[in-house]
Amino acid sequence: MHAIGSRANWIEAISSIARTTNKCHHQDHRPVSSTTNSDLQSIVDHFQIYGDYVNAEPYGNGHINSTYRVSMNQGGCEVDYILQRINHTVFKDPPMLQSNISRVLEHSQNKLRGKRHPQATRHAMTLITTRDDKPYYRDTEGDYWRCYIFVQNATAYDIIKNETQAFEAASAFGKFQSLLTDLPGERLHETIANFHDTPARYQHFQDAIVADAKGRVAAVSEEIDFFEKRQGIAGHLLKLHREGLIPERITHNDTKLNNVLLDNLTDKGICVIDLDTCMPGLALYDFGDLVRSSTSPAAEDETDLSKVSMQINMFEALVRGYLSSAGDFLNEHELANLAFAGKLITYEVGLRFLTDYLEGDPYFKTKHPQHNLDRCRTQMALVKSIETQQNEMQDIVDRCLRSKSQQKNKSS
Ligand code: ADP
Ligand code: GN1
Ligand code: MG
């Protein structure tokens with residue numbers, strides 16, 4: 001956000017990620033399988049985890065960190081943990097990042113415990129500290145590790161299955177924002193400066209075109225045109241923020257569907273995860289990323305673009321879910337831009353995938369050379385699908401807001 005760091009700082013931060021990742025062997029694109037079980041066992045020994053080490057396996061589909069599920073035998077019972085190597089080419093200051101996460105989780109768990117929630121450790125993650133009581137461990141290679149209790153019987157879905165999941169995911173992220181409205185203490189650190197500054201992302205994209213580091217520009221002129229034609233939308237939310245119409249809040253900033261765990265039996269929203277970018281931001285980018293990641297029946301890297309679409313029933317479920325938990329604190333300008341936010345962040349993430357492709361994939365983990373381009377194309381298809389349904393989406397928001405205010409009037 002503009003209030004936070006200058007555009008120049010942000011561009012320098014992002015360019016430096018690209019520089020380090022292009023040159024340096026220490027970039028975090030090592031396959032998760034390259035870390036052996038005995039390496040992992042010795043990392044685990046540094047955390048306050050007790051019992052006998054059973055095994056560790058790569059886990060989940062995140063694009064950034066290296067995640068493992070670790071099993072320990074504790075008195076005859078197997079207990080699991082999540083162990084993560086923090087990608088420190090993306091997150092430059094892991095101790096600062098971990099200090100944010102510790103504060104956010106302590107606050108969330110205190111609130112749950114205050115209400116005597118019977119499963120506080122299933123509804124907010126629990127960070128396991130090291131034997132010397134730090135929220136991370138730094139190994140001899142300079143890598144940073146963290147460990148959480150594994151939340152059982154819940155799933156991080158890559159593709160939305162039904163409207164209940166959409167409602168629950170949106171409601172869980174709204175509740176997460178709501179829990180943090182009274183986080184005590186100083187402002188959270190910005191773990192990646194100006195993360196959702198879409199105009200700065202656009203500038204970075206233009207720089208990547210000029211540099212054409214991998215000679216990929218010529219073959220993607222259609223994709224480049226797509227983003228250039230729509231440049232006008234990039235600054236809309238930041239402009240409203242600069243004008244004082246939409247406020248800075250503590251937001252998650254990476255609210256894609258697979259960053260919330262839903263209960264395996266009921267699909268209830270259980271636990272918001274992936275807190276690396278939890279920092280000051282705009283609530284609308286969080287809602288927007290739900291639209292981006294939870295309305296299409298296709299995977300983010302689907303190559304059959306005819307499968308990509310913004311399903312309006314899923315959008316309605318997201319609006320209802322989000323309003324059920326965040327509706328009371330959002331202001332009129334935020335509410336008025338719910339329908340727009342999905343288009344903006346889908347544009348932004350598509351732009352980021354294309355930029356990464358042009359630069360030779362230094363940022364997102366990829367499985368093959370076209371991967372970022374495939375991902376970019378699904379985002380383009382989704383933006384187009386949203387564009388054809390913008391009026392319907394706005395009608396749904398208006399209808400949901402009317403019914404919420406009628407309910408409020410009835411109960412008062
Ligand atoms: P990344 O930043 O790389 O996206 P995440 O923090 O999202 O990493 O973790 C990757 C995946 O690991 C998640 O999508 C989820 O499947 C799983 N995961 C993360 N934390 C937990 C947890 N505490 N309990 C169970 N599964 C988890
Ligand atoms: C990354 O970490 P993960 O996989 O949950 C990225 C998001 C993108 C998303 C696209 C820190 O999320 O910003 O929207 O990929 N996270 C970071 O799938 O850059
Ligand atoms: Mg994730």
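Student: How many residues surround ligand 1, and which are the closest?

Tutor: In this predicted model, 19 residues surround ligand 1, the closest being Gly60, Gly62, Val151, Ala156 and Asp274, where a residue is near a molecule if its C-beta atom, placed from the backbone, lies within 6 Å of it. Residues are numbered from 1 along each chain as its sequence is written, while chains are lettered from A and ligands numbered from 1 in the order in which they are written. Local features need pLDDT of at least 70 and side-chain atom pairs count only at pLDDT 80 or more, whereas totals for chains, interfaces and linings use all residues.

Student: Why is ligand 1 said to lie between domain 1 and domain 2?

Tutor: Domain 1 (7-25 + 157-411) and domain 2 (32-152) both give residues to the shell around ligand 1, and therefore ligand 1 lies between them; the domain bounds come from an automatic or database domain assignment.

Student: What places ligand 2 with respect to the two domains?

Tutor: The shell around ligand 2 also takes residues from domain 1 and domain 2, so ligand 2 lies between them. Among the residues that surround ligand 2 are Gly62, His63, Asp254, Lys256, Asp274 and Glu300. By class, this shell has three nonpolar, four polar and five charged residues, with Ala, Val, Leu, Ile, Met, Phe, Trp, Tyr, Cys and Pro counted as nonpolar, Asp, Glu, Lys and Arg as charged, and the others, Gly among them, as polar.

Student: How do you know that domain 1 and domain 2 are in contact?

Tutor: Two residues are in contact if their C-beta atoms, placed from the backbone, lie within 7 Å, and 25 residues of domain 1 are in contact with 20 residues of domain 2. By class, the side of domain 1 that touches domain 2 has 15 nonpolar, six polar and four charged residues.

Student: Why is H5 called roughly antiparallel to H9?

Tutor: Helix H5 (residues 163-179) and helix H9 (residues 283-294), which are DSSP runs (H or I, at least four residues) numbered from the N terminus, pack at an angle of about 160° with their axes 11 Å apart. Angles run from 0 to 180 degrees between N-to-C directions, and axes are lines fitted to C-alpha atoms over the stretch in contact. Angles over 145 degrees count as roughly antiparallel, and therefore H5 is roughly antiparallel to H9.

Student: Which residues make the contact of H5 and H9?

Tutor: H5 gives Ala166, Ala169, Ala170, Phe173 and Gln177, while H9 gives Ala283, Asp286, Leu290 and Ser294; by class, these divide into six nonpolar, two polar and one charged.

Key:
Helices (H or I, at least four residues) and strands (E, at least two) are DSSP runs, numbered from the N terminus. Angles under 35 degrees count as roughly parallel, over 145 as roughly antiparallel, 65 to 115 as roughly perpendicular and the rest as oblique.
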